[in-house]
Amino acid sequence: MPTARVSIFPLSGALLLPGMDLPLHIFEPRYRALIHDAMARDRRIGMIQPRGDGLRPALFDMGCLGHISHIEALDDGRFNIVLKGLARFRVMRELEVSTAFRQIEADVEQAPDPDEVLSAVERAALEQESQRFAKMLGYVVDWTAVARLDDQSLVNGIAQIAPFDPAAKQTLLEADTLNERADLIIQLMQIVGRAERDGGATMQ
């Protein structure tokens with residue numbers, strides 16, 4: 001795995017996965033500076049979840065490198081951007097820097113196999129559990145459109161938008177294969193379903 005210097009955007013609950021898009025609204029001055037810097041260099045930033053609160057919280061060990069595929073500069077200095085996930089990275093160490101945004105040294109993985117697929121049984125199980133989950137939470141979903149998605153778009157799309165807590169999102173990021181991620185999604189939806197039936201809170 002190549003080592004790289006990565007400027008990071010720590011954001012709890014935001015899940016960027018290789019091959020997937022993540023829209024973001026950038027308003028804090030330090031992250032405006034991050035976007036300016038990235039646009040002047042290679043348009044790349046690293047998304048990673050913080051482990052706690054505060055101005056400089058500890059970080060999870062793994063994040064995802066993204067490329068700014070679309071940017072809209074607003075009149076007041078804010079940005080709307082879309083990040084395209086490139087590859088996961090593992091934090092080696094945080095760097096001492098003078099920038100307002102944080103930077104790390106990271107081992108960047110190779111991009112995953114774009115042709116990775118689920119078995120027919122796994123795909124059916126994921127769709128079935130997703131339909132139960134959506135019905136329970138009152139979501140309106142175009143299941144005909146869902147059926148047309150390729151396996152990676154389906155699995156990673158659910159991972160991004162489902163109301164799972166940050167720790168669960170991190171577990172999904174760290175799953176090494178599409179099959180593992182799909183299995184985890186099914187388990188998490190079942191856990192949330194049980195909590196809902198028992199009158200507990202969802203994993204939000």
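## Interface between the two domains

Domain 1 and domain 2 bury about 1300 Å² between them, and 59% of that area lies on carbon and sulfur atoms. The model is a predicted one. Domain 1 spans residues 3-108, and domain 2 spans residues 120-201. To the contact between them, domain 1 contributes 15 residues and domain 2 contributes 14 residues. The C-alpha centres of domain 1 and domain 2 are separated by 25 Å.

## Polar and charged pairs across the interface

Between domain 1 and domain 2 the count is one salt bridge. A salt bridge joins Arg88 and Asp176, with 2.7 Å between the closest N and O atoms. Arg88 falls within the bounds of domain 1 (3-108), and Asp176 falls within those of domain 2 (120-201).

Nine residue pairs are in polar contact across the interface of domain 1 and domain 2, with both residues of each pair at pLDDT 80 or more. On the side of domain 1 that touches domain 2, strand E2 (21-26) and strand E4 (62-73) each supply at least two residues. Strand E4 gives the most to this side, namely three residues. Sorted by class, the side of domain 1 that touches domain 2 consists of nine nonpolar, four polar and two charged residues.

## Annotated span

The UniProt record, an unreviewed entry, carries the annotation "domain: Lon N-terminal" for residues 6-193. In the model, the end C-alpha atoms of residues 6-193 are 38 Å apart. Helix accounts for 38% of this span and strand for 27%.

## Surroundings of Arg51

Arg51 is located in the loop between strand E3 (44-48) and strand E4. With neighbours within four places in sequence set aside, the residues in contact with Arg51 are Ala58, Leu59, Phe60 and Asp61. For Leu59, the backbone oxygen lies 3.0 Å from a polar atom of the Arg51 side chain.

A further pair involving this loop residue is Arg51 and Leu11, which are 40 residues apart in sequence. In space, the C-alpha atoms of Arg51 and Leu11 are 9.8 Å apart.

Methods
Residues numbered from 1 in each chain as written. Predicted model: local features only at pLDDT ≥ 70, side-chain atom pairs only at ≥ 80, totals over all residues. Heavy atoms only, no water. Domains from an automatic or database assignment. Contact = heavy atoms within 4.5 Å. Buried area = accessible area lost by both parts, 1.4 Å probe. Salt bridge = Lys/Arg side-chain N within 4 Å of Asp/Glu carboxyl O. Polar contact = N/O pair within 3.5 Å; in protein donor to acceptor, adjacent residues only side chain to side chain. Helix = DSSP H or I, 4+ residues; strand = E, 2+ residues; numbered from the N terminus. Nonpolar A, V, L, I, M, F, W, Y, C, P; charged D, E, K, R; others polar. UniProt positions renumbered as here; feature names shortened; annotations may be inferred.
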